[in-house]
Amino acid sequence: MGAPEPPVLSVTGLTKTFPGARALDGVDFAVRPGEVHALIGENGAGKSTLIKVLTGVHRPDEGELTYRGEAVSFATPLAAQHAGISTIYQEVNLVPLLSVARNLFLGREPRNRIGLIDFRRMHREADEALRSLGVRTDVRRPLRSLGVGTQQMVALARAVSVDARVVIMDEPTSSLEPAEVRTLFGVIRMLRERGIAVIYVSHRLEELYEVCDTVTVLRDGKVVHSGPIAELDRLRLVSLMLGREMGEVRSEGLTKFTGGHADDVEPVLRAEELTVRHVLSDVSVAIRPGEVVGLGGLLGSGRSETAKAIAGALAPDAGRVRVGGGAVRTGSTPAAIRAGISLLPEDRKAEGIVPGLSVRENIALAALPGLSRFGLVDEKRIDSIVETFMARLRIKAASPHQKVGELSGGNQQKVLLARWLAMRPKVLLLDEPTRGIDVGAKAEVQKLIDELAGDGLAVLLISSDMEELIEGSDRVVVLRDGAVVAELSGDAVTGEQLLRAIAAKGGDHD
């Protein structure tokens with residue numbers, strides 16, 4: 001057996017730093033011709049940054065990029081594409097108003113002798129390209145008239161048809177039907193046979209083991225493992241992604257908070273059979289007063305989407321939400337708020353705080369409709385509420401009038417909590433409540449969650465920090481690929497059981 005082929009694309013010692021964060025730290029990565037290489041890791045692991053460096057979106061601070069044996073530096077994504085590196089993103093990045101054929105040949109349209117677009121040839125070649133992927137459609141139709149799955153296949157056909165040497169697929173099956181997934185896997189095998197390298201980014205373990213030859217695991221901007229995927233069992237793979245060895249996550253003796261709930265107490269929240277196409281499938285969660293229920297699972301398992309569906313920020317295709325026995329109109333955030341559901345979102349900067357407003361204004365935002373009469377705001381009531389919650393949550397600010405954007409991450413998180421607690425909710429949904437804040441602030445927020453549950457609040461806790469999830473939850477509902485695969489309670493709420501539930505093959509959840 002001869003020596004392995006040299007890599008077609010590789011990086012050595014790659015480092016990329018953004019203000020306040022090192023996204024990549026000395027990363028070595030290589031993909032060879034005809035290899036399907038899985039690139040995986042949780043949120044913030046560095047996958048997206050690595051892809052953006054490989055495709056010319058970002059320039060590295062340190063390290064070397066080598067392509068086809070030569071050191072390169074792509075100034076733009078177009079330069080990378082012209083060199084033979086194609087990317088298929090999770091969100092289809094084509095032009096909806098143009099025809100299917102125009103999208104396939106955008107920027108490289110076939111021309112006739114006098115330089116005009118040869119539409120007959122373009123339509124014929126577009127039709128042939130799509131048929132080779134099992135897609136039959138009128139290529140003269142606007143792209144927007146097709147389903148999302150078919151649009152994804154058009155993006156794939158475009159990537160394959162530009163004489164690519166490397167194809168990067170970022171969550172390519174997220175919008176595909178099962179039949180389209182089978183077609184995609186067939187295309188990947190075809191690319192492998194042609195000697196084209198594929199970098200495959202996905203959170204779906206079944207897919208990785210079915211189509212990938214090699215796997216590289218990133219965590220906190222560093223490579224923690226790289227090698228043949230067949231030599232790595234699923235449990236070990238999940239452990240590497242989460243940064244927890246089996247011996248470290250048994251969790252015996254942990255003191256979990258219990259909010260004084262009893263099994264015979266009626267749940268204050270019942271979310272039943274929530275279904276969102278390609279996202280959630282019959283997800284059910286119930287939470288009693290004073291109970292903290294954790295949602296476990298890897299990135300992309302449906303945790304945030306479950307919280308958003310309960311809070312009305314994501315409209316389910318099917319399913320019900322009930323609070324205190326009363327039905328809540330799904331897909332309506334105002335209806336959820338009126339019913340007593342509050343959501344602290346994962347991305348507090350994009351979906352939560354308003355940096356240019358004061359602490360006082362941010363806390364009062366959600367409560368304003370209830371603090372005004374005939375268009376006049378009761379300023380004294382606002383001052384009282386703000387003062388109460390700044391004291392209770394120990395928010396550190398120069399004054400209530402300081403801009404919230406000037407506060408630390410932990411204090412910004414507390415301001416968001418104060419906003420929703422001012423609404424006197426019955427159910428509090430917390431999506432990564434301690435992400436991005438320092439250790440001291442993290443401990444304060446965790447203590448606060450315990451206190452809120454102790455006051456009888458029903459809490460849903462989403463956290464990628466396994467220890468936080470185990471120590472802070474009375475029960476843990478485990479999701480994978482948008483479906484509930486296990487529920488852990490009592491002595492079963494341990495790191496080992498959680499890892500096994502996440503790593504289990506489809507249908508094997510014991």
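**Figure 1. Strands β4 and β5 in a four-stranded sheet.** In this predicted model, strand β4 (residues 62–67) pairs with β5 in the antiparallel sense, over 3 bridges. One residue pair shows the pairing: L65 has V72, in β5, as its bridge partner. The two strands belong to an open sheet of 4 strands, in the order β2-β1-β4-β5 and with antiparallel pairing. The edges are taken by β2 (21–31) and β5 (70–72); each has a single partner strand, so one side of each has no neighbour in the sheet. From one strand to the next, the twist averages 30°. Strands of a sheet pair through backbone hydrogen bonds, in either the parallel or the antiparallel sense.

**Figure 2. The six-stranded sheet.** This open sheet of 6 strands has the order β6-β7-β8-β3-β9-β10, and its pairing is mixed. Its edge strands are β6 (85–88) and β10, each of which pairs on one side only. The average twist from one strand to the next is 15°. At the β6 end of the order, β6 pairs with strand β7 (residues 166–170) in the parallel sense, over 4 bridges. In this pair, T87 of β6 stands opposite I168 in β7. Helix α1 (residues 47–54) packs on the sheet, and touches β3 (36–40), β6, β7, β8 (197–201) and β9. The direction of α1 makes about 130° with that of β3.

**Figure 3. The hairpin of β9 and β10.** Which residue in the turn of this hairpin has a positive phi? The residue is D220, with a phi of about 55°. The hairpin has 2 residues between β9 and β10. Strand β9 (residues 214–219) and strand β10 (residues 222–228) are paired in the antiparallel sense, over 6 bridges. Among the paired residues are L218 and its bridge partner in β10, V223. In the sheet order, β10 follows β9 and is an edge strand.

**Figure 4. Helix α5 beside β6, β7 and α6.** Helix α5 (residues 148–160) lies across β6 and β7 and runs at about 175° to β6. Helix α5 also packs with helix α6 (residues 178–193), at an angle of about 10° and with the axes 11 Å apart. This angle makes α5 roughly parallel to α6. On the α5 side, the contact is made by G149, T150, M153, L156 and V160. On the α6 side, E180, T183, L184, V187, M190 and L191 take part. Sorted by class, the residues of this contact are 7 nonpolar, 3 polar and 1 charged.

**Figure 5. The crossing of helices α8 and α17.** Helix α8 (residues 234–242) packs with helix α17 (residues 495–503) at an angle of about 115°, and their axes are 9 Å apart. The two helices are therefore roughly perpendicular to each other. Their crossing is right-handed. From α8, the residues in contact are R234, L235, V238, S239 and L242. From α17, they are L499, R500, I502 and A503. By class, this contact has 6 nonpolar residues, 1 polar residue and 2 charged residues.

**Figure 6. Confidence along the chain.** The chain has a mean pLDDT of 84, and 89% of its residues reach 70 or more. Where in the chain is confidence lowest, and where is it highest? The lowest is in strand β17 (residues 372–373), with a mean of 61. The highest is in strand β14 (residues 318–323), at 96. Over residues 246–260, pLDDT stays under 50. For residues 246–260 the model has 35 contacts beyond four places in sequence. Where pLDDT is low, the predicted coordinates should not be read in detail.

Technical notes: Residues are numbered from 1 along each chain as its sequence is written. This is a predicted model: local features need pLDDT of at least 70, side-chain atom pairs count only at pLDDT 80 or more; totals for chains, interfaces and linings use all residues. Side-chain values use heavy atoms; hydrogens and water are left out. Axes are lines fitted to C-alpha atoms, for helices over the stretch in contact, and angles run from 0 to 180 degrees between N-to-C directions. Angles under 35 degrees count as roughly parallel, over 145 as roughly antiparallel, 65 to 115 as roughly perpendicular and the rest as oblique. A crossing is left-handed if the near helix is turned anticlockwise from the far one by less than a right angle, and right-handed if clockwise. Contact means heavy atoms within 4.5 Å. Ala, Val, Leu, Ile, Met, Phe, Trp, Tyr, Cys and Pro count as nonpolar, Asp, Glu, Lys and Arg as charged, and the others, Gly among them, as polar. pLDDT is the predictor's confidence in each residue, from 0 to 100. Two strands pair if DSSP finds at least two bridges between them.
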